[in-house]
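Please load the model in your viewer and keep a selection panel ready. The tour below moves from the whole chain to single side chains, and each stop says what to select next.

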Amino acid sequence: MRKKVQVLLLLVLIAMISTGCFPQKKDILVGKWQRVEPDNMFNGLVVNVEVLDDGYRGLIIEMGPELERIGYRIGDTKWKNVKKLKSGLYVFEDLGKNTETKETLWFEMNINISLEDPDTITITSVANTGEVGSVQTWKRVQPSV
């Protein structure tokens, strides 16, 4: 009888682990991020980063009307193919739009998160040619209490 109870408890434990009943450590990138560049049309844009099976993605959840005029939509994937390279460093593709044709463009970018300030990220273009948007600053949106 005792052995049956032990086996049953072991099966329950395995089921709990496999279904995610135990809290897992949340990656520092997961959550809501707001772009903070006052003189930029992207200022105030909010992206929600979520975990996928093969990395992460960031979906647009808030934006201003000027972005809608050039083709952005709520629910668009703003950051795709986000891969963690090491602690605080990610590589991804950033959604861009041609302001005249509304053509979709993808730019290879890096996300850097400093352990000293985990609520701020700096995004830089891999090509780093100095074009607009090649360096971006984002702040974590604190959950409402």
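What follows is a walk through a predicted model, from its overall fold to a few charged side chains.

**The whole chain**

Begin with a cartoon of the entire chain, whose secondary structure comes to 2 helices and 8 strands. If you trace the cartoon along the sequence, the elements appear in the pattern α-β-β-β-α-β-β-β-β-β. Switching to a surface representation, you are looking at about 9,500 Å² of accessible surface, 56% of which belongs to carbon and sulfur atoms. Colouring by relative accessibility would mark 32% of the 145 residues as buried. A contact map, restricted to pairs at least 6 apart in sequence, has 35% of its contacts between residues at least 24 apart.

**The barrel**

Next, select the strands alone. They form a closed barrel of 8 strands in the order 1-2-3-4-5-6-7-8, with antiparallel pairing. Neighbouring strands of this sheet are turned against each other by 30 degrees on average, when direction is ignored. In general, strands of a sheet pair through backbone hydrogen bonds, in either a parallel or an antiparallel arrangement.

To look at one pairing in detail, keep strand 1 (31-35) and strand 2 (residues 46-52) and hide the rest. These two strands pair in the antiparallel sense over 4 bridges, and within this pairing Gly-31 stands opposite Val-49 in strand 2.

**Asp-27 and its partners**

Now select Asp-27, which is placed in the loop between helix 1 (2-18) and strand 1 (31-35). Which residues does Asp-27 contact, once its neighbours within four places in sequence are left aside? They are Tyr-56, Lys-84 and Tyr-90, so show these three as sticks together with Asp-27. Turning on distances for the side chains, you will find a polar contact of 2.5 Å between Asp-27 and Tyr-90, and another of 3.1 Å between Asp-27 and Lys-84.

The pair of Asp-27 and Lys-84 is also a salt bridge, with the closest N and O atoms 3.1 Å apart. Because Asp-27 lies in the loop between helix 1 and strand 1 while Lys-84 belongs to strand 4 (residues 77-86), this pair ties together parts that are 57 residues apart in sequence. Is each partner buried or exposed? Asp-27 has a relative accessible area of 14% and is therefore buried, the cut-off for that class being under 20%, whereas Lys-84, at 43%, is partly exposed.

**Other salt bridges**

Asp-27 and Lys-84 are one stop among several, for the structure holds 7 salt bridges. As a general point, side chains of opposite charge can pair when their charged atoms come close.

Select Arg-35 and Glu-37, whose side chains meet in a salt bridge of 3.1 Å from N to O. Here Arg-35 counts as buried at 2% relative accessibility, and Glu-37 likewise counts as buried, at 15%.

Finally, move to Arg-57 and Glu-50, which form a salt bridge with their closest N and O atoms 2.5 Å apart. On the accessibility colouring, Arg-57 counts as partly exposed at 30%, and Glu-50 also counts as partly exposed, at 23%.

Key:
Residues numbered from 1 in each chain as written. Predicted model: local features only at pLDDT ≥ 70, side-chain atom pairs only at ≥ 80, totals over all residues. Heavy atoms only, no water. Buried < 20%, exposed > 50% of the residue type's maximum accessible area, 1.4 Å probe, protein only. Contact = heavy atoms within 4.5 Å. Areas by Shrake-Rupley, 256 points an atom, 1.4 Å probe, with all protein chains shown as cover. Polar contact = N/O pair within 3.5 Å; in protein donor to acceptor, adjacent residues only side chain to side chain. Salt bridge = Lys/Arg side-chain N within 4 Å of Asp/Glu carboxyl O. Pairing = 2+ DSSP bridges. Axes fitted to C-alpha atoms, helices over the stretch in contact; angles between N-to-C directions.
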